[in-house]
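Here is a friendly walk through one protein chain, written for someone who would rather be at the bench. Have a look at the sequence and the structure first, and then we will go through some of the details together.

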Amino acid sequence: MKKFTYSTAILDAYNFLLKNYPEVFVIGQGLWSPWYVGNTMKDLDKNFGKKRIIDTPVSEAAVTGAAVGASLNEMKPIVVHPRMDFMMYAMDPIINQAAKWSYMFGGQSSPSITIRGIINRGGEQGAQHSQALHSLFAHIPGLKVVLPSSVADARDLLIASVLADQPVIYIDDRWLYDQEDQLPEAKEINLESINPCILREGNSITLVGCSYSTFLLKQITKKLIKNKINPEIIDMRIINPFHSELITNSVKKTGRLFVLDGGWGPCGISSEIISSAVENVEPKFFKSKPARLTLPFTPAPTSKVLEKEYYPNEKKILNKIFKIFENNL
C-alpha cells in the first residue's frame, strides 16, 4: 500500500474527485500557489486546469455564495477557506442559504456543496487566525460537520463529503498534516453511513475527542496504561449529526467519561457530549463525574509563552484524567 501523510491524503481526495467527477470544481483564494495549505492542493491547477481550480479575489461571501448557486445547478463545488476564521464573512450563504435551502423548498433541491475550513493555530497567529469553530457550525441544522483525525479519514471523508447531496463543512487541522499512514486506493463511502468509531477498546474510562484532540488522546495511551488505566478512545469524526449511541454504551461499560476539545467549553461539543451521556446513562453506572478539558474561555494569545499555557497538552490532559480516578462519586 502507498504511504500518505494527512495533507497528501487530502490532495489524493482532490485528485480522485476531479478525475472521476467533471461536475466537481474547487474555488477559493490562493489556489494557484504551489505551496498552498501544506501542499494539500499541489499542482491541481496544472493537472485539471484553471477553470476547475478557480483562484479568486478576497471575498469570502461572494465566493461562497457563488458556489452555493452553482451547487443548485448540478455542480459540486468545494470552497476552500485557508483559515476558517474568515468564514465568518460568509455566514449568510452558509447558514441562511445553504443550510436552509432543502427545508424551505420541500426537499426539491439541496446544495451539494463542501466548504473546507482549515484550522491554523499556534505559531503566534493570534486571536483572529487561530480559531476552531466546529461547535458553532454544528449548532446549525442542515449542515453536516466533518472533522477527520486520521490520514484515512482525511481522504475518505473529503470524498464522501463532496459526493453527499447536502451542504457539508469539512474541517481539517494543520497540526495533523504530518501524520503518516499506509492506505489502499481511494474509495467512495456514503457520508450517511459514517459514525463515531472506537479507536481503542478499554474498560477504565471513555475518552472522546475529534480532529487534533483525538490525536492527543491517542498520544497519552501508553502513559495511562502504565498507571493501570485502560482507556476506551472514541473519535467523533462527524459532530453534526451528533450520534451518541456509541458514547452511551461505552460509558455504561467504563463508568467514567472524559472529553477533550480544541474549542471553547461553553455551548461547545464537549458540553453536548457530556449532556448526552448524563441524559442517556443512568446515574448508577457512573463511578465518577464526567470531566472535560477545553480551551480557556478567551481568544487565543499571540505570545508564544502564553500559547503554551493556552492549548491542551499531554501534562494537562493526564492531570485531568488522573483527577477523575481520585474523585469517585
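Let us begin with a lysine: Lys 253 is partly exposed, because its relative accessible area is 43%. For these labels, buried means under 20% relative accessible area, exposed means over 50%, and partly exposed is in between, with a 1.4 Å probe and protein chains only. The accessible areas themselves come from the Shrake-Rupley method with a 1.4 Å probe, and for residues only the protein chains shown count as cover.

Please keep in mind that this is a predicted model, in which local features need pLDDT of at least 70 and side-chain atom pairs count only at pLDDT 80 or more, while totals for chains, interfaces and linings use all residues. Residues are numbered from 1 along each chain as its sequence is written, and side-chain values use heavy atoms, with hydrogens and water left out.

**Salt bridges**

What does the side chain of Lys 253 meet in a salt bridge? Its partner is Glu 232, at 2.6 Å from N to O. Lys 253 lies in helix α10 (residues 245-254) and Glu 232 in strand β11 (residues 231-235), so this pair ties together parts that are 21 residues apart in sequence. Glu 232 is buried, with a relative accessible area of 1%. Helices (H or I, at least four residues) and strands (E, at least two) are DSSP runs, numbered from the N terminus. A salt bridge here is a side-chain nitrogen of Lys or Arg within 4 Å of a carboxyl oxygen of Asp or Glu.

The structure holds eleven salt bridges, and the table shows some of them.

| Positive partner | Negative partner | N to O distance |
|---|---|---|
| Lys 253 | Glu 232 | 2.6 Å |
| Arg 116 | Asp 172 | 2.9 Å |
| Lys 284 | Glu 282 | 3.8 Å |

Asp 172 and Arg 116 meet through their side chains. Asp 172 sits in strand β7 (residues 168-173) and Arg 116 in strand β5 (residues 114-119), so the pair ties together parts that are 56 residues apart in sequence. Are these two residues, Asp 172 and Arg 116, buried or exposed? Both Asp 172 and Arg 116 are buried.

The salt bridge between Lys 284 and Glu 282 has an exposed partner in Lys 284, at 67% relative accessible area, and a partly exposed one in Glu 282, at 46%. Salt bridges that share partners also join Asp 12, Arg 155 and Asp 156 into one network.

**The chain as a whole**

How many helices and strands does the chain have? There are 13 helices and 14 strands. The radius of gyration is 20 Å, close to the 20 Å that the globule rule gives for 329 residues, so the chain is as compact as a globular protein of that length. That radius is taken over C-alpha atoms, and the globule rule is 2.2 Å times the number of residues to the power 0.38. The C-alpha trace spans about 60 × 45 × 40 Å along its principal axes, and 54% of the 329 residues count as buried.

Helix α8 (residues 212-219) is mostly covered, with six of its eight residues buried. Those buried residues are Tyr 212, Ser 213, Thr 214, Phe 215, Leu 216 and Leu 217.

Thr 8 belongs to helix α1 (residues 6-20) and is partly exposed, with a relative accessible area of 31%. Thr 8 and Val 151 are 143 residues apart in sequence, while their C-alpha atoms are 8.7 Å apart in space.

**Backbone details in the loops**

Asn 240 and Pro 241 are joined by a cis peptide bond, with omega at about 10°. Pro 241 is in the loop between β12 (238-240) and α10.

Glu 124 has a positive phi, near 60°, in a residue other than glycine. This glutamate is in the loop between β5 and α6 (134-138) and is partly exposed, with a relative accessible area of 42%. Lys 228 is not a glycine either, yet has a positive phi of about 65°. Lys 228 is found in the loop between α9 (221-226) and β11, and is exposed at 79% relative accessible area.
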